[in-house]
Amino acid sequence: MRLLVVGSGAREHAIVWKLSISPKKPEIFVAPGNAGTGALAINVPIALDDIDKLILFAKENDIDLTVVGPEIPLVNGIVDRFQNEGLRIFGPSQKAARIEGSKSFSKEIMRAANAPTAPFMVFDNYSDARKYVLEHGAPIVIKADGLAAGKGVVVAQSIDDALEALHNMMIENIFGFSGHRVVIEDCLSGPEVSVFCFSDGKNTSSLVAACDYKRAYDGNEGPNTGGMGGYSPPPWWSHNLEQEIKETCIQPVIDQLALDGSPYVGVLYGGLMLTEQGPSIIEFNARLGDPEAEFILPRLENDLIDVIDAVLDGNLENLQLRWENDFVVGVVIASGGYPGTYQTGYIIEGSNEKSDDGMIFHAGTQLRDGVISTAGGRVLTAIGKAATMEGARASAYKLVRSVKFTGKEFRTDIAQF
């Protein structure tokens with residue numbers, strides 16, 4: 001069996017690792033991959049958004065299945081393009097991927113599905129949006145409608161902050177076309193949780209939950225990042241909470257997307273807030289999260305290929321997903337200065353360390369003249385796994401300490417309760 005994984009981050013390294021331990025022993029290619037995926041698979045120098053070249057590669061190399069990691073190719077229609085060429089591919093269609101690609105579309109789907117989410121308004125005009133903020137007051141949430149690399153949401157604690165966010169998005173165009181339309185919504189409060197499920201367009205699997213840390217520095221200080229670490233499952237996660245979220249937040253949205261003519265096939269990622277009134281949806285993403293994939297996939301007992309086949313064959317209702325009870329903690333090791341300006345090209349020592357209860361997934365790494373070096377803001381994710389959260393945390397940080405490169409940064413309070 002020949003597989004192609006699209007992407008280059010730690011999420012994709014985790015996907016490749018999980019596929020590589022399948023009893024089916026597939027041959028795996030990764031486009032473009034990183035130094036970590038290169039140790040398990042064959043890296044292919046094709047950009048993740050070069051759909052034409054990816055299709056050509058899949059055809060010329062008799063690829064049986066393509067698995068898409070990041071959101072950009074999904075929103076750009078890679079699944080539709082592959083399917084039109086008769087190629088088997090895992091991920092939602094371009095229409096379904098609008099659940100992430102357009103926050104206004106996502107909110108309208110939630111409203112139509114009667115799924116709990118914060119009251120909102122959508123604006124294409126800066127003056128109207130500014131007037132609404134002045135009348136509504138703060139705190140208030142400003143969201144760029146399109147993709148913004150995880151940085152398009154501002155939780156404004158003051159009117160001045162909200163107006164600055166609006167100006168940056170709609171006038172300064174800091175997110176380009178993605179910020180020309182904005183969603184403005186009420187600010188909710190409560191613990192946050194990320195939930196993931198597989199969907200075949202009609203049926204949904206059981207949910208798996210994780211919590212991540214978005215801020216750059218300890219104590220949830222500093223700028224927002226793509227994620228600095230996290231854990232799965234949350235200690236307070238329960239079967240009753242899972243069922244409530246599935247019945248009120250997930251299945252109604254899957255049903256509504258099908259009614260909308262956009263059946264959702266793939267992994268659905270819901271970011272939720274547990275308010276005093278119950279779970280409320282913050283946003284949806286159309287793929288596995290990063291870093292969440294790194295601490296979810298090590299808990300999956302099923303062969304990932306079997307799960308993907310059940311999704312693509314519309315047979316998910318006959319598959320029983322099994323998740324290990326162990327806790328997994330992930331700590332992101334980043335380049336100094338991330339998420340702002342940072343330097344790359346530093347030699348990394350210890351990036352391939354592993355233990356019986358931990359491993360390291362590569363993100364921003366590259367192999368140059370046989371030496372692994374930094375090539376991005378988030379460089380590695382160290383994973384620890386144990387029967388207790390404390391044990392998993394200790395294992396993860398032991399691996400963090402084993403890694404050395406110039407400018408290395410990481411949070412010291414991941415999964416610290």
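This passage describes the sheets, helix packing, cavities and one pocket of a predicted model.

The eight-stranded sheet is open, and its 8 strands follow the order β16-β15-β10-β11-β14-β17-β21-β18 with antiparallel pairing. Its edges are formed by β16 (278-285) and β18 (358-362), each of which pairs on one side only. When direction is ignored, neighbouring strands of this sheet are turned against each other by 25 degrees on average. Within the sheet, strand β14 (residues 229-232) and strand β17 (residues 327-334) run antiparallel and are joined by 4 bridges, and in this pairing G230 has G330 of β17 as its bridge partner. Helix α9 packs on the sheet, where α9 touches β10 (192-200), β15 (265-275) and β16, and the direction of α9 makes about 45 degrees with that of β16.

Helix α9 (residues 239-259) also packs with helix α6 (residues 103-112), at an angle of about 105 degrees and with the two axes 9 Å apart. Angles of 65 to 115 degrees count as roughly perpendicular, and α6 and α9 are therefore roughly perpendicular to each other. On the side of α6 the contact is made by F105, I109, M110 and A112, and on the side of α9 by V253, Q256 and L257. By class, the residues of this contact of α6 with α9 comprise 6 nonpolar, 1 polar and no charged.

A further open sheet is formed by 4 strands in the order β6-β9-β7-β8, again with antiparallel pairing. Here the edge strands are β6 (120-123) and β8 (153-156), each pairing on one side only, and neighbouring strands are turned by 20 degrees against each other on average, direction ignored. Strand β6 is joined by 4 bridges to strand β9 (residues 182-186), the two running antiparallel, and V122 stands opposite V183 in β9. Two helices pack on this sheet. Helix α7 (residues 126-136) touches β6, β7 (140-144) and β9, and its direction makes about 10 degrees with that of β9. Helix α8 (residues 159-171) touches β6, β7, β8 and β9, and its direction makes about 10 degrees with that of β7.

The axes of α7 and α8 come within 10 Å and cross at roughly 170 degrees. As angles over 145 degrees count as roughly antiparallel, α7 and α8 are therefore roughly antiparallel to each other. In the contact between these helices, Y126, A129, R130, V133 and L134 of α7 meet I159, A162, L163, L166, H167, M170 and I171 of α8. The residues of this contact divide into 10 nonpolar, 1 polar and 1 charged.

Turning to enclosed space, the structure holds 2 cavities of 30 Å³ or more. The largest cavity has a volume of about 140 Å³, and among the 17 residues that line it, V67, V68, F90, V267 and L288 are the closest to its centre. Two or more residues of this lining are given by each of the elements α1 (10-20), β4 (65-68) and α11 (304-312). The lining of the largest cavity consists, by class, of 13 nonpolar, 2 polar and 2 charged residues.

The second largest cavity has a volume of about 60 Å³. Its lining is made up of F196, C197, F198, S205, S206, V208, V267, L288, I296, L297, L321 and W323, and β10 gives the most to this lining, with 3 residues. These lining residues divide into 10 nonpolar, 2 polar and no charged. V267 and L288, which are among the residues closest to the centre of the largest cavity, also belong to the lining of the second largest cavity.

Among the pockets, the second largest holds about 400 Å³ of space. It is lined by 26 residues, of which W17, K354, M359, I360 and F361 lie nearest its centre. The elements α1, β18 and β21 (378-386) are those that give two or more residues to the lining of this pocket, and β18 gives the most, with 5 residues. The residues of the pocket lining divide into 11 nonpolar, 7 polar and 8 charged. Strand β18, which gives the most to this lining, is also an edge strand of the eight-stranded sheet, pairing on one side only.

Note on methods: Residues are numbered from 1 along each chain as its sequence is written. This is a predicted model: local features need pLDDT of at least 70, side-chain atom pairs count only at pLDDT 80 or more; totals for chains, interfaces and linings use all residues. Side-chain values use heavy atoms; hydrogens and water are left out. Axes are lines fitted to C-alpha atoms, for helices over the stretch in contact, and angles run from 0 to 180 degrees between N-to-C directions. Angles under 35 degrees count as roughly parallel, over 145 as roughly antiparallel, 65 to 115 as roughly perpendicular and the rest as oblique. Contact means heavy atoms within 4.5 Å. Ala, Val, Leu, Ile, Met, Phe, Trp, Tyr, Cys and Pro count as nonpolar, Asp, Glu, Lys and Arg as charged, and the others, Gly among them, as polar. Two strands pair if DSSP finds at least two bridges between them. On a 1 Å grid over the protein atoms alone, a cavity is a set of points where a 1.4 Å probe fits but cannot get out, and a pocket is an open set with protein on both sides within 12 Å along at least five of seven lines; lining residues have an atom within 4 Å of a point. Grid points are joined across faces, edges and corners, and a volume is the space filled by probe spheres set on the points.
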